[in-house]
Protein chains: 2
Amino acid sequence: MKPLILISNDDGYLAKGIRCLTEMLRPLGEIVVVAPDRPRSAAGCSITSTVPISAKMVRKEEGMTVYACTGTPADCTKLALSQYVDRTPDIVVSGINHGTNATINEHYSGTVSITKEGAMHGIPSVAFSLCDFDEDADFNPMTSYVQQIVRMVLEKGLPYGSLLNVNFPPVSPYKGIKICKMALGVWKDEFTRHETYYNKDYYWLGGVNIDRDPNDTLNDNWALDQGYVAITPIKIDETDYSLMEEMAGWNL
Amino acid sequence: MKPLILISNDDGYLAKGIRCLTEMLRPLGEIVVVAPDRPRSAAGCSITSTVPISAKMVRKEEGMTVYACTGTPADCTKLALSQYVDRTPDIVVSGINHGTNATINEHYSGTVSITKEGAMHGIPSVAFSLCDFDEDADFNPMTSYVQQIVRMVLEKGLPYGSLLNVNFPPVSPYKGIKICKMALGVWKDEFTRHETYYNKDYYWLGGVNIDRDPNDTLNDNWALDQGYVAITPIKIDETDYSLMEEMAGWNL
């Protein structure tokens, strides 16, 4: 039986990134896509609990079925696993995101949330992003890398609760692959202030991502700056075990 | 100078939980609240980038100012730090959430996202939740615990990039405090299917949280089940360092 590959994204099922990803992976298995019916960037791991969600089939061909879903990326993954696959997928793949999900951006990412959902369900999961926000970005140079990474994960699996967050630099040819850690940092100067016609303030989110250790050659940010494809292994267990030990000495 | 305490939540500025939290912490410092103008449960770390956001002052008293913001919990925290404090807060406190944020729920939590934002900005941050979804839940038994935990964090600080996720069991008196790790697991049977008047399927999110190691006495879930207050130290660095090492041997 061919591997079952569940695909989703956060840019919506019509985005070029997910259409390219689907074509790249069709030679590798049977494809089910359940993706948001509209752009849902920066959705984080948000889920929908105060209104119901639904999905409709928008395309069906040999070896591929595509559903558009009213929910968030995490909702799409949950609903797919619950309703739209006839067996547990062999892999969950998300993207290809239009824009970076490296560094702390991973926390805000709908693309990565899909793979966190997959990892919670014990399914090997990989998120792909290209550091180019252009709606018509060129994803072709990624093809052999994407196929090889998915093949390797299908072959080797991933530990329970872990996933791969893969980011591609904006310019190809790529220098190769680096296995990285998540660069830590913070967004600065995040808002620009504007005024409405009636002189009320409003704010647009933007800003600059400041890397805490820009010279750390293990950082995903560093690898991308140097032209490497950055694979950052992520785990859903966010426990700070060293702080656990330290707090044993607190007077609580 | 009194400590500056920034408060937010995901149930909205009118929720009982945040009003109780604010009263508990007024004796400890100067309070600025920037909270969503409506309920935003399960917002995860989502942020708003396709429309602008705004906030308005809804209350000002000696030592306390309250703003209601159109954004998500993470937006509220970002906007507060950018626009509504005159110095860096000494601590970011979120909650008190109506309902649990222990275990993997932490990923979906708007309450915890506020403290992740604080931690990224290098500010000691603590999230408080009561495992009781009742809008009129009784938060009073938490008072001395909340005050003592906040006092300790103000005194000792927290390592950069770490935060405390504190969950209270539904029934008091509490048996004491346990320093815990995040219980891993997954939500099962997550959707109920319904039909519209026109026979289209729609789905409500719900389900059962399955703990992977229910007998692990270090789990936050276990501690809560036993009647303890569970403090789970969390870090924003989600890198899986052991998988990084393992993947060095992959043929990529």
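This short talk goes through one predicted model, from chain A on its own, to the pairing of chains A and B, to a single proline in chain B.

A word on conventions: residues are numbered from 1 along each chain as its sequence is written, while chains are lettered from A and ligands numbered from 1 in the order in which they are written. As the model is predicted, local features need pLDDT of at least 70 and side-chain atom pairs count only at pLDDT 80 or more, whereas totals for chains, interfaces and linings use all residues.

Let me start with chain A, which has seven helices and 13 strands, where helices (H or I, at least four residues) and strands (E, at least two) are DSSP runs numbered from the N terminus. Its C-alpha atoms fill a box of roughly 55 × 50 × 50 Å along the principal axes. Of its 252 residues, 55% count as buried, meaning that 20 or more other C-beta atoms, placed from the backbone, lie within 10 Å of the residue's own (12 or fewer is exposed, and in between is partly exposed). Helix H2 of chain A, residues 73-84, has nine of its 12 residues buried, so the helix is largely enclosed by the rest of the structure; among the buried ones are Pro73(A), Cys76(A) and Leu81(A).

Turning to contacts, where two residues qualify if their C-beta atoms, placed from the backbone, lie within 7 Å, we find that among those in chain A between residues at least 6 apart in sequence, 76% join residues at least 24 apart.

How many residues of chain B are in contact with chain A? There are 62, and they meet 62 residues of chain A, with strand S11 of chain B (residues 201-205) giving the most to that side, namely five residues.

As for the relation between the copies, a rotation of 180° with 0.0 Å of shift along its axis superposes chain B on chain A, with an RMSD of 0.0 Å, the fit being by least squares on the C-alpha atoms of residues with pLDDT of at least 70 in both. The two copies are thus related as by a two-fold rotation axis, and the same surface serves both, since 100% of the contact residues of chain B recur in chain A.

Finally, Pro169(B) sits in the loop between strands S7 (162-168) and S8 (177-179) of chain B. Is this proline buried or exposed? Pro169(B) is buried, with 20 other C-beta atoms within 10 Å. Leaving aside neighbours within four places in sequence, its contacts are Cys131(B), Tyr174(B), Leu224(B), Gly227(B) and Tyr228(B).
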